[in-house]
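Good morning. Please look at the sequence and the structure on the screen while I talk through a few parts of the fold.

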Amino acid sequence: MTVAYRIGKSLYLNITNKCPCACTFCLRSNGPGIGGSGSLWLEREPTADEIRESIRSHFSSDLREMVFCGYGEPTERLDTLLETADWIKRTWPGMPVRVNTNGLSDLIAGRPTAELFKGKVDTLSISVNTDDPAEYLAICRPKFGEKAYPALLAFAESAAKCVPAVVMTVVGEPVTPKDKQERISKICARIGARLRVRPFEPPTRKRDSAFAVAPYATWMAMMFLLPHTALSYAVRSAAAGAVLCACLFALFKSGGTKPRVPRAGAWALGIVCGLAVAAMWILPEYSAFYRRFMIIGDPSAAGPSPYDPAVCGWGLFAARLLGSGIVIAAAEELFFRHFLYRRLQRTDWRSGAAMRFDLQAFLWSVGLFALEHDRIAAAAAAGAAYTLVYIRRGFFAAFLAHAVTNLVLGAYVVATGMWRFW
Ligand code: SF4
């Protein structure tokens, strides 16, 4: 049974599965755990001794914080929570302690409780979600009914006088629009709390993995099944392009988000990275060392290209250019960066936590991407660059970088007749 589990440099403590709410967005309905936590459903509530033992066995000197947060409301076990927090403070003086709570501690205990956290807890993170009591009832569905929202605010106001930091949290757009965030921010200012807007994280459903893999799988299957002609390439591009559009639409729909115009920084980074990778891809061809060691086979011995407009016509050449510049660039970014890089880190790969840099996932995803190409070294450098762009600016920027590289490469091929790049 998982009592303590680590995420980054924080140790999370899962001390109960009880909760007086049934929030519509509760992570507990998505699966048995969070990331690599293991199942957070408890066989029974751990004793204070068992909690201490679990903390000791997970402790390491690089921990920066301990957080009471699991598959339940920690203040349901207020006495055990306070006893454990006190023990943490005595055992590791200076270790910050945070409690993630729904703020209904007073109603759960049937008495005022804020004062009890004094000296034991550094931060109370309270999930407030809205400024509207009726909406709170609808989305958090507390068993206490209409008493819940006023009690939450009263607890937060009292707590702000007893603990160093009270943070009220809401989920960002599209769940909480900007005007509502501003109204909640005013409530926070009035009661002495700070507002934290948590990024919206679309839930990861099993079918999302299929949507992320299907365009690339379609492309690869058709590559093996169809002959290598310009017409086949056009058919492959059209089929994989149709699957790609359907899957991107399904992913947006499943995440509850709408496509938005990318920011200027994403455009700039994507274009600069794409041009740099194109230059890196082409220039080493002039090096004998590169030709000798970095290219598997001998692409220059391939003979006349079926994609030369003089052979296939400009229409099929344009289909070839769009297929490599748009369709496969998007399908590969969707598979290698958006899915594989994140899935190697977490089962719930759509979580924002999988956007951070992870060396193991980076090396695996870049390595597999490189093995798909004949110019392995150049492809590894390209994959590394696209992954870093993805981590920094997201899917659109990585796709743009890849598309720019492939389109520049296509223009270079037709301008110079170096068909071995295709
Ligand atoms: S308060 Fe937390 S644990 Fe309880 S139902 Fe809501 S999200 Fe889930």
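I start with a definition: a residue counts as near a molecule if its C-beta atom, placed from the backbone, lies within 6 Å of that molecule. Keep in mind that this is a predicted model.

With that cut-off, which residues surround the ligand? They are C19, C21, A22, C23, C26, R28, G72, E73, N102 and C140. By type, this shell holds six nonpolar residues, two polar ones and two charged ones.

Now the protein as a whole. There are 15 helices and seven strands. The C-alpha atoms fill a box of roughly 85 × 45 × 35 Å along the principal axes. Of the 422 residues, 38% are buried. If we take the contacts with a separation of 6 or more, 76% of them come from residues 24 or more positions apart.

Next, a pair of helices. In general, two packed helices are described by the angle between their axes and the distance between the axes. Helix α14 covers residues 376-393 and helix α15 covers residues 395-416. Their axes are 7 Å apart, and the packing angle is about 150 degrees. An angle over 145 degrees counts as roughly antiparallel, so that is the term for α14 and α15. The crossing of α14 past α15 is right-handed. Which residues make the contact? From α14 there are A382, A385, Y386, V389, Y390 and R393. From α15 there are F395, A397, A398, A401, H402 and T405. Sorted by type, the contact has nine nonpolar residues, two polar and one charged.

Let me stay with one of these residues, V389, in helix α14. Is V389 buried or exposed? V389 has 27 C-beta neighbours inside 10 Å, so it counts as buried. Leaving out residues up to four places away in sequence, V389 touches L269, G270, C273, A397, A398 and A401. Take L269 from that list: V389 and L269 are 120 residues apart in sequence, but their C-alpha atoms are 7.2 Å apart in space.

A second buried residue is A278, with 21 other C-beta atoms within 10 Å. A278 belongs to helix α9, residues 264-282. Its contacts, again without residues up to four places away in sequence, are V404, T405, V408 and L409. T405 also appeared on the α15 side of the helix contact. Compare A278 with R207: they are 71 residues apart along the chain, and 34 Å separates their C-alpha atoms.

Last, two residues with a backbone angle to note. N129 is not a glycine, yet its phi is positive, at about 70 degrees. Where is N129? The residue sits in the loop between β5, residues 123-127, and α4, residues 133-140. N129 has 23 C-beta neighbours inside 10 Å and therefore counts as buried.

The other one is R141, which is also not a glycine and has a positive phi near 45 degrees. R141 lies in the loop between α4 and α5, where α5 is residues 148-159. For R141 there are 15 C-beta neighbours inside 10 Å, so R141 counts as partly exposed.

To recap the two loops: N129 is buried, whereas R141 is partly exposed. That is where I will stop.

Conventions. Residues are numbered from 1 along each chain as its sequence is written. This is a predicted model: local features need pLDDT of at least 70, side-chain atom pairs count only at pLDDT 80 or more; totals for chains, interfaces and linings use all residues. Ala, Val, Leu, Ile, Met, Phe, Trp, Tyr, Cys and Pro count as nonpolar, Asp, Glu, Lys and Arg as charged, and the others, Gly among them, as polar. Axes are lines fitted to C-alpha atoms, for helices over the stretch in contact, and angles run from 0 to 180 degrees between N-to-C directions. Helices (H or I, at least four residues) and strands (E, at least two) are DSSP runs, numbered from the N terminus. Angles under 35 degrees count as roughly parallel, over 145 as roughly antiparallel, 65 to 115 as roughly perpendicular and the rest as oblique. A crossing is left-handed if the near helix is turned anticlockwise from the far one by less than a right angle, and right-handed if clockwise. Two residues are in contact if their C-beta atoms, placed from the backbone, lie within 7 Å. A residue is buried if 20 or more other C-beta atoms lie within 10 Å of its own, exposed if 12 or fewer, and partly exposed in between; C-beta atoms are placed from the backbone.
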